[in-house]
Amino acid sequence: MNEKTDHLEQLLSRLPDGDLTPAEHATVRRALADDPGLAAVAKQYERLHLRLRAYRPLPGDVDWRAFSTRVADGVEDEWAEQASSDLDRAIDPAVAGATAPVASGPRLNPVAESYRGVEDALQDWARPLPQVDWAAFHARVSDAVRAEAASARAGQPVRGLRRWVTPVAAAAAVALVVWGLRLARPPTAGPGGSTETVILVALDLPTSGGQITFSFDETPAAGARAVEPPAGGAGIAVGPRHDELEDIDDAAYFY
Amino acid sequence: MGDAAAQPHPEADEAGRLDADAVARTLAGEAAAFDLLIERYQRRAVAVAYRLLGNIEDAMDVCQDAYIRAFRSLGTLQQPERFGAWLMRIVSNLSLNHRRGRRRTLSLTTDDESGGIHEDQVSQRSQRAGAAPGDAMQSAEAGRAIDAAIAALPDPQRLALILFAVEGIPQREVAEILECSIEMVKWNVFQARKALRTALAEYLQE
């Protein structure tokens with residue numbers, strides 16, 4: 001079959017579709033008039049068209065509601081599955097909004113919110129420390145320590161090592177947190193232009209009710225060494241860098 | 001004919017806007033929005049998969065998988081107003097993959113290949129085709145002949161034929177689904193029809 005007859009057969013095959021242009025219709029009419037044998041071909045295509053339209057009819061008993069529920073359940077499972085693997089993206093609202101529905105699905109919301117809380121906390125962590133009147137704070141702590149020490153000397157014996165371990169550990173933890181925060185900003189210049197700083201944590205004696213008061217103080221190293229150890233209290237001092245922490249004179253800061 | 005894609009299609013445009021809205025809402029976390037997309041396309045998706053696979057359970061499994069894959073990749077969809085075509089492309093690809101896998105792993109009988117055609121289905125076909133009971137094309141043999149002839153077509157021709165000539169999807173949409181030109185759709189449909197006219201000649205006589 002040459003190109004011309006192939007084109008004509010294509011037009012015949014499309015007759016049942018009803019989408020021939022007027023010009024194509026005219027071509028078909030002329031061809032059928034010239035060659036009556038083409039009518040049989042056109043009839044075959046018409047029958048084929050009807051058979052194909054009847055090809056594999058969908059069963060009439062398909063429960064579409066059940067099917068859509070089944071698919072929706074599958075999608076919901078996928079949603080939950082993705083939630084566990086995509087939470088990192090969920091933390092960043094820009095990424096979450098641009099890439100996937102997993103960031104804020106109904107099942108994910110509580111989890112995503114908790115991660116956003118972590119994100120907020122991390123942002124707080126990176127913020128500069130607020131302005132603190134460290135001298136006043138130290139004075140307040142020292143006064144409290146002295147008062148407690150005086151009270152202890154007046155007849156309230158320290159109840160063994162356990163009374164100290166927890167408060168000292170807590171004070172150490174606070175000191176490390178503050179130390180870490182300090183790393184996020186340049187060290188404060190101390191007297192004489194020194195940028196070496198230490199964090200002094202002063203720990204009050206436990207009250208008779210077991211309440212502990214502790215505090216921390218940022219003091220230039222020279223200043224810290226000048227702090228008079230409060231009688232009966234405890235304190236930890238650390239430097240802003242690890243090596244300083246190791247080189248620290250425990251005798252001067254742990255009293 | 002050739003400029004069909006450039007012609008305005010108000011209904012298709014409106015459907016596209018609805019799809020884009022549902023996609024955006026799904027991406028924003030509204031689970032119910034994806035349900036709309038499921039309901040909007042489930043019949044067409046299952047119908048196409050069924051006509052490619054011949055088994056309604058397989059078709060439903062494939063379509064469920066297609067929906068989940070679509071959901072999983074929804075954020076990568078560049079043209080959310082084309083969700084329907086995109087979904088049908090996934091359905092078509094998964095159906096062809098499923099069919100290839102089935103051919104590899106199973107020793108199929110003729111009925112298996114044709115999807116397990118039953119006499120009531122043959123009768124149903126004949127009624128839809130307007131044929132009288134007892135005609136040659138009503139027979140299971142004729143049904144199997146059509147199945148075999150369609151199964152023998154190359155994938156692009158079979159897909160184009162199923163989507164356009166069987167399912168009745170407009171050529172413009174078929175072109176979107178198959179990611180080809182409308183002319184290519186027409187050519188594939190014609191080649192498929194020509195092959196079927198030859199293969200089914202005895203069933204297409206008066």
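How many residues does helix α2 (residues 22-34) of chain A have, and how far does the helix reach from its first C-alpha to its last? The helix has 13 residues and reaches 18 Å, close to the 18 Å expected at 1.5 Å a residue; the expected span is 1.5 Å times one less than the number of residues. Helices (H or I, at least four residues) and strands (E, at least two) are DSSP runs, numbered from the N terminus.

This is a predicted model, in which local features need pLDDT of at least 70 and side-chain atom pairs count only at pLDDT 80 or more, while totals for chains, interfaces and linings use all residues. Residues are numbered from 1 along each chain as its sequence is written, chains are lettered from A and ligands numbered from 1 in the order in which they are written, and side-chain values use heavy atoms, with hydrogens and water left out.

**Chain A**

Chain A contains 12 helices and 3 strands. Of its 255 residues, 40% are buried, where buried means under 20% relative accessible area, exposed over 50%, and partly exposed in between (1.4 Å probe, protein chains only). Contact denotes heavy atoms within 4.5 Å. Among the contacts in chain A with a separation of 6 or more, 60% join residues 24 or more positions apart.

In α2(A), the buried residues are A:E24, A:A26, A:V28 and A:A31. The buried residues of this helix pack against α1 (3-14) and α3 (38-53) of chain A.

**The interface between chain B and chain A**

The contact draws 63 residues from chain B and 45 residues from chain A. The two chains bury about 5,100 Å² between them, with 60% of that area on carbon and sulfur atoms. Buried area is the accessible area (1.4 Å probe) that two parts lose on being put together, summed over both. On the side of chain B, B:F71, B:R193 and B:R197 lose the most area to chain A, together 14% of what that side buries.

There are 5 salt bridges between the chains, each a side-chain nitrogen of Lys or Arg within 4 Å of a carboxyl oxygen of Asp or Glu. One salt bridge joins the side chains of B:R197 and A:E9 at 3.3 Å, N to O. Across the interface, 14 residue pairs are in polar contact, both residues being at pLDDT 80 or more. A polar contact is a pair of N or O atoms within 3.5 Å; within protein, one must be able to donate a hydrogen and the other to accept it, and residues adjacent in sequence count only if both atoms are side-chain atoms.

Helix α2(B) gives the largest share of the side of chain B that touches chain A, 13 residues.

**Three individual residues**

| Residue | Location | Relative accessible area |
|---|---|---|
| A:R56 | loop between α3 and α4 (64-85) of chain A | 3%, buried |
| B:V185 | helix α10 of chain B | 0%, buried |
| B:E179 | loop between α9 (171-178) and α10 of chain B | 59%, exposed |

The side chain of A:R56 forms a polar contact of 3.5 Å with that of B:D147. Phi of A:R56 is near 45 degrees, a positive value in a residue other than glycine. For B:E179, phi is near 55 degrees, again positive in a residue other than glycine.

Leaving aside neighbours within four places in sequence, B:V185 is in contact with B:A160, B:Q171, B:V174, B:A175 and B:C180. B:V185 and B:L163 stand 22 residues apart in sequence and 9.8 Å apart in space, C-alpha to C-alpha.
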